[in-house]
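The following questions and answers guide a first-year student through one molecular structure. Please keep the sequence and the model in view while reading.

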Amino acid sequence: MHDEIAIESILKEKRKFKPQPEFAKAAHIASTKAYNQMHREAEKNFERFWARMAKEHVSWFTPWKKTLQWKLPFAKWFVGAKTNVSYNCIDRHVEGPNAWRRNKAAIIWEGEPGDRRVITYGELHREVQKFANVLKSLGVKKGDRVGLYMPMVPELAVAMLACTRIGAPHTIIFGGFSADSIRDRLNDAKAKLVVTADGGWRRGSIVPLKEMVDQAVGDVPTVENVVVVRRTEQQIVMKEERDHWWHDLMESASDVCAPAKLDAEHPLFILYTSGTTGKPKGVLHTTGGYLVHTTVTSKYIFDLKEEDTYWCTADIGWITGHSYVVYGILSNGATSLMYEGAPNFPDVERFWQIIDRYKVTIFYTAPTAIRTFMRWGDAHIKKYRLDSLRLLGTVGEPINPEAWMWYRKLIGKNRCPIVDTWWQTETGGILISPVPGAVTTTPGSATRPFPGIFPDIVDENGEPTRKKDAGGYLVLTKPWPGMLRGIYGDPQRYKEQYWSRFKGLYFAGDGARRDKDGNFWVMGRVDDVMNVAGHRLSTMEIESALVSHPKVAEAAVVGRPDEIKGTGVVGFVSLEANETPDEALREALRKHVAREIGPIARPDEVRFTDALPKTRSGKIMRRLLRDIAAGREVVGDTTTLEDYSVLAKLRGDED
Ligand code: PRX
C-alpha cells in the first residue's frame, strides 16, 4: 500500500568503523582507492565492467557475442555464450591449473544429531556425475523441471549441481512448507521428478518430508518419479514404480557424465517467493549472469580466500542458500560449511561449538538470528574462543544498530568487519553491501552498491531524491547480471510487479534513504509483503489461508514490530454469522495457517472483529490495523473510513 506509508528516516547513527589496516592489506580489494577505481570503471561502462568480471571469474565453453541485450524489462546477459554451472563449481577445481583442489573440502557438513561428513571437490565431482546419470535414467532431459524438497544434507547440493549439469532447472521448496505449498509449486513448475528424504532433523524431532511429498504429489500429474534420500530412517511408505531410494540408484550409476554446454540464458532454477498477491511467484534465474554475479560478489564481499572456512547459516531452500551456500562459494573453489539443524539443539551453544570446532573464518547469518542469540545472554558465548573468525555478514532484513554492535563485540570481538548485505530473491545476488577492507561501515546501513550496480532513491513520481537523508523508494536504474529473467510462465506479472510502478526502473518493494556520505539505509518493505524473521511473507497469502477456513468470513493480515522476528504476524478476522469467537477457534486458525502454508506463516495473534475498517471504495485500511496491532494510537487520516464505529470497536477490543 504505497499510499499509506510515509517513509521517514528514523535512524541517526553516528558510529563509524574504518577498515582495519591488517584486514585491508590482505583483502582482494585492498584499499578505498582500488575500490573507487572499480566503481569508476563500472560507471564509465558497466557492460564492459561485467564483461571483464565474467572473463576473469567464470569458465566459458564459448564466448559471448554481446555482453547485454536489454529490451526493458527483459535482459539477456552474455548473449551466445555457453557454459555450465556445475562445471564452474566442480570440474575446474579438479582439473587444469587448480586440480590440486581435488582433495580440498568443498562441503564440511554437520548433521543435527552430531554426525559429520567432509566432501572433497573430487568426491563431489563423482557424486554429481552419478546423480546426473540417475536423473537421465529416470527420463529427465534438458529443460525438464526437478523439484527438491530436502533437509540440509550434502545430497541437496549434489542434486542441485546434477540438475545444472544436464540443464534441468531445479525448484527447491523449503523443508518448512506444507503439502499444499509443495503441490502448488510443483504444479506451477510442472515438475517431472522430485527429490526428497525420508525426513530431516529439527530440534531432535523428525520433519516427515516424504510424508508431505506423498500428500502433495498425488495432485501433481506431471511428477513421474520420486527419489528418496535415507536420512532419519523411520518407516516410510515407498510407492512402487514411482518411488526410488537414492542409495539404490546411485550404487549402479556411472560416475562419468559430461557437463552440458548450456546457453548463458538457459534456465538455471525457479525459486518461489511471496508477492503482493496471494499466489507465490516463480522467480526465474538463468545460467551465465547469475553465475557471474554470485561468483564475483562471493569473492569480493566475503573476501573469500583459498584457506577460508565459510559458513552461511541460511537454509538452501531460500535464495541465500542457493547463492551463498552453494553456487557462489563453490564456484570460487572455497569450502562451504553446512549445518542441518537448529541453533539451539541440543542447547544454545551449538553455533559457537561449530565455529570453534571447524575454525570457521567467515560467518553469514540473519539479524533475527542475532537478536535471538542476544536474548540467550552473553555467558554461553564467552565460553568459546571464536578467534578463527575474520569476517561477519548479515542478510534478510534491516539490522538494528544495537544488534549490529552486539554482533561486532560479542561474536566479532571488535576485530571482524561486518558486511550488511542487501538483496532479494529476485536480484540473485548481493547488490548493496560494504566491501570489507575498503568501505567504512556504520551500524544499520548496507552502505554502498557493489561496483556495476546502480540503485537510486525516488519519490512518488519516480523522480530521484537529491536531498540528503530524504526517504523514498529503492529502485535499480540499470540491469545487472544476476537479475531475475521473469516470473515463470507469467511475463505480464513480471512487468507489472517490478517495472510498472516507476517508468523504466526496477522497483524492489523497499523503502530506503541515502545519507550525506552516500550510504544506503534500507528501511523495509513498503508493499503488502512482511519480513518475518528474514523471510518474505505475503499478507494476502496468509489472508487467503485464513479465509479458506469454513468459519471465517473475512480476514486482514498486518505486521507489528517484534523484538526477535522483526515483524510479527497479526490476523484480524471476522467470522461467518452464527460462529462464536473463542480461544479454541483462535488456536485452530493459527494451526490452519501453519498447515496451509507452513509454520513460518502462523499468526502470532488472531483478533476477532465484527467488521474490518474499509474505505468507501471497499479497500481495507491496513494502516489503521497496523497501528492497532502495534498498540499505537491510530494516527493519520481516517476521513475516508466508511464506518467509524468499526475503528472504535477494534481499538476497544484489546482481548
Ligand atoms: O526487504 C528487503 C529485505 O528482504 C527482502 C528480500 O527478501 P528475500 O527475497 O526473501 O531475500 C532475502 C535474502 C536476500 C528485501 O526486499 N532485506 C534483505 N536483506 C536486507 C534487507 N533489508 C535490509 N537490509 C538488508 N541487508
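Q: How many Å separate a nitrogen atom of the ligand from a polar backbone atom of Glu397?
A: The model is a predicted one. A polar contact is a pair of N or O atoms within 3.5 Å. In this pair, a nitrogen atom of the ligand faces a polar backbone atom of Glu397, and the distance is 3.4 Å.

Q: Which residue has a polar side-chain atom 2.7 Å from a nitrogen atom of the ligand?
A: For Gly396, a backbone N or O atom lies 3.1 Å from a nitrogen atom of the ligand. The contact at 2.7 Å involves a side chain instead, and the residue is Asp420.

Q: What percentage of the ligand's accessible area does the protein cover?
A: On its own, the ligand has 540 Å² of accessible area. The part of this area covered by the protein is 96%.

Q: Which elements give two or more residues to the shell around the ligand?
A: There are 17 residues around the ligand, and Asp420, Thr421, Thr425, Asp510 and Arg525 come nearest. By class, the shell has six nonpolar, six polar and five charged residues. The elements that give two or more residues to this shell are α11 (319-331), β20 (418-421) and β25 (520-525).

Q: Which helix gives the largest share of the largest nonpolar core?
A: This core has 160 residues, of which Trp50, Leu124, Phe131 and Phe302 touch the most other members. The largest share amounts to nine residues, and the element is helix α6 (residues 154-166).

Q: Which residues are in contact with Phe131, leaving aside its neighbours within four places in sequence?
A: Phe131 is among the members of the largest nonpolar core that touch the most others. With its neighbours in sequence left aside, the contacts of Phe131 are Val158, Ala159, Ala162, Val195, Val227, Trp246 and Met250.

Q: Is His380 buried or exposed?
A: His380 lies in helix α14 (residues 379-382). Not counting residues up to four places away in sequence, His380 touches Val348, Glu349, Trp352 and Phe373. A polar atom of the His380 side chain also lies 3.0 Å from the backbone oxygen of Gly377. Buried means under 20% relative accessible area, and because His380 has a value of 7%, His380 is buried.

Q: What is the distance between the C-alpha atoms of Ala30 and Pro436?
A: Ala30 is found in the loop between α1 (21-26) and α2 (32-44). Not counting residues up to four places away in sequence, Ala30 touches Ala24, Lys25 and Gly437. Ala30 and Pro436 are 406 residues apart along the chain, and their C-alpha atoms are separated by 8.7 Å.

Q: Which residue does a cis peptide bond join to Phe345?
A: One cis peptide bond runs from Leu72 to Pro73, with omega near 5 degrees. Another has omega of about -5 degrees, and the residue joined to Phe345 is Pro346.

Q: What is the relative accessible area of Lys190?
A: Lys190 has a positive phi of about 50 degrees although it is not a glycine. Its place is in the loop between α7 (179-189) and β8 (193-197). Lys190 is partly exposed, and its relative accessible area is 48%.

Definitions and conventions:
Residues are numbered from 1 along each chain as its sequence is written. This is a predicted model: local features need pLDDT of at least 70, side-chain atom pairs count only at pLDDT 80 or more; totals for chains, interfaces and linings use all residues. Side-chain values use heavy atoms; hydrogens and water are left out. A residue is near a molecule or strand if one of its heavy atoms lies within 4 Å of it. A polar contact is a pair of N or O atoms within 3.5 Å; within protein, one must be able to donate a hydrogen and the other to accept it, and residues adjacent in sequence count only if both atoms are side-chain atoms. Accessible areas come from the Shrake-Rupley method with a 1.4 Å probe; for residues, only the protein chains shown count as cover. Helices (H or I, at least four residues) and strands (E, at least two) are DSSP runs, numbered from the N terminus. Ala, Val, Leu, Ile, Met, Phe, Trp, Tyr, Cys and Pro count as nonpolar, Asp, Glu, Lys and Arg as charged, and the others, Gly among them, as polar. A nonpolar core is a set of buried Ala, Val, Leu, Ile, Met, Phe, Trp, Tyr and Cys residues joined through side-chain atoms within 4.5 Å. Buried means under 20% relative accessible area, exposed over 50%, partly exposed in between (1.4 Å probe, protein chains only). Contact means heavy atoms within 4.5 Å.
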